[in-house]
Amino acid sequence: MTYLPKAAVQDKFVFAASPITPQKSTTENASFQKAIHSEVVFGSPTMNCNGTGICRISSMHSVKADQDTSACQKTVAQLMPGGTGKITMYFFRSRLCINLFRKHFYKGVLEIQDPCIIPDDLMQSLNIQTRTIQPGKYAITEQNGVFKLELDCK
């Protein structure tokens, strides 16, 4: 976990993000991986997007401006297919408001209490067959201002 300077606590956004560069170190991951620019709303689907977890995921082309969520409940992420039955999300530190960072990222673990449905357009774009993000506690790792979250799906 990274130390958060006192000045960053007072800012609306935290630090500048570094771009994600694909790693092609083995023949296993040398094949092209498709990433989708998405909006992730945090909270519980059963609690009207309050609480912890992931409430909703939308591809950026299907996001509506009038959705009923605060700007500090959602952020932009890159979604990629993970291993079998998994998806990987990358979040940019510069795109996280301080309250979102404190509530969901600061401790290095995201707890998902309720399943979250992956929309059909994302499933098709990512070419995945998994439909639902499963409840559980997921480790959040950070490197160069990018947070990585690998989620189990069914």
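**View 1. Cysteine pairing across the chain.** Count off the bonded cysteines in sequence order and the pairing reads 1-2, 3-4. Bear in mind that this is a predicted model. How many disulfides does the count come to? The count comes to two. One of them joins C49 to C55, and C72 and C97 form a disulfide as well.

**View 2. The disulfide between C49 and C55.** Here the S to S distance is 2.0 Å. The torsion about the S-S bond is -65 degrees, making the link of C49 and C55 left-handed. Are its two ends buried or exposed? C49 has a relative accessible area of 6%, so this cysteine is buried. C55 is at 11%, and C55 therefore counts as buried too.

**View 3. The disulfide between C72 and C97.** In this bond the sulfur atoms sit 1.6 Å apart. Turn about the S-S bond and you get a torsion of about 70 degrees, so the disulfide of C72 and C97 is right-handed. Where do the two cysteines lie? C72 is in the loop between β2 (50-59) and β3 (74-81), while C97 is in the loop between β4 and α2, so the pair ties together parts that are 25 residues apart in sequence. As for exposure, C72 has a relative accessible area of 23% and is partly exposed. C97, with 8%, is buried.

**View 4. The cysteines C116 and C153, in no disulfide.** C116 is in no disulfide, and its nearest cysteine sulfur, the one of C55, is 7.0 Å away. A disulfide needs its sulfur atoms within 2.5 Å, so that distance does not qualify. C116 is buried, with a relative accessible area of 1%. C153 is likewise in no disulfide; for this residue the nearest cysteine sulfur belongs to C116, 9.1 Å away. C153 is buried as well, at 10% relative accessible area.

**View 5. The buried face of helix α2.** Helix α2 runs over residues 98-105. Which of its residues are buried? They are I98, L100, F101, H104 and F105. Looking down the axis of α2, these buried residues fall within an arc of 160 degrees, so they line one face of the helix.

**View 6. F91 against F105.** The model's count of aromatic pairs comes to six. One of them is F91 with F105, an edge-to-face pair with 5.2 Å centre to centre and 75 degrees between the planes. F91 belongs to strand β4 (residues 86-92) and F105 to helix α2, so to speak two distant parts of the chain, 14 residues apart, that this pair links. Both phenylalanines, F91 and F105, are buried.

**View 7. F105 against F147.** F105 also pairs with F147, this time in a tilted arrangement: 5.1 Å centre to centre and 55 degrees between the planes. F105 lies in helix α2 and F147 in strand β9 (residues 146-152), so their pair ties together parts that are 42 residues apart in sequence. How accessible is each ring's residue? F105 is buried, with a relative accessible area of 2%, and F147 counts as buried at 1% relative accessibility.

**View 8. The aromatic cluster.** Pull back a little and F42, F91, F101, F105, Y106 and F147 form one aromatic cluster. Among its members, F101 and F105 also appear in the list of buried residues in helix α2.

Key. Residues are numbered from 1 along each chain as its sequence is written. This is a predicted model: local features need pLDDT of at least 70, side-chain atom pairs count only at pLDDT 80 or more; totals for chains, interfaces and linings use all residues. Side-chain values use heavy atoms; hydrogens and water are left out. Buried means under 20% relative accessible area, exposed over 50%, partly exposed in between (1.4 Å probe, protein chains only). Helices (H or I, at least four residues) and strands (E, at least two) are DSSP runs, numbered from the N terminus. The arc is that of the directions from the helix axis to the C-beta atoms. Rings of Phe, Tyr and Trp (its six-membered ring) pair if their centres lie within 6.5 Å; planes under 30 degrees apart count as stacked, over 60 as edge-to-face and the rest as tilted.
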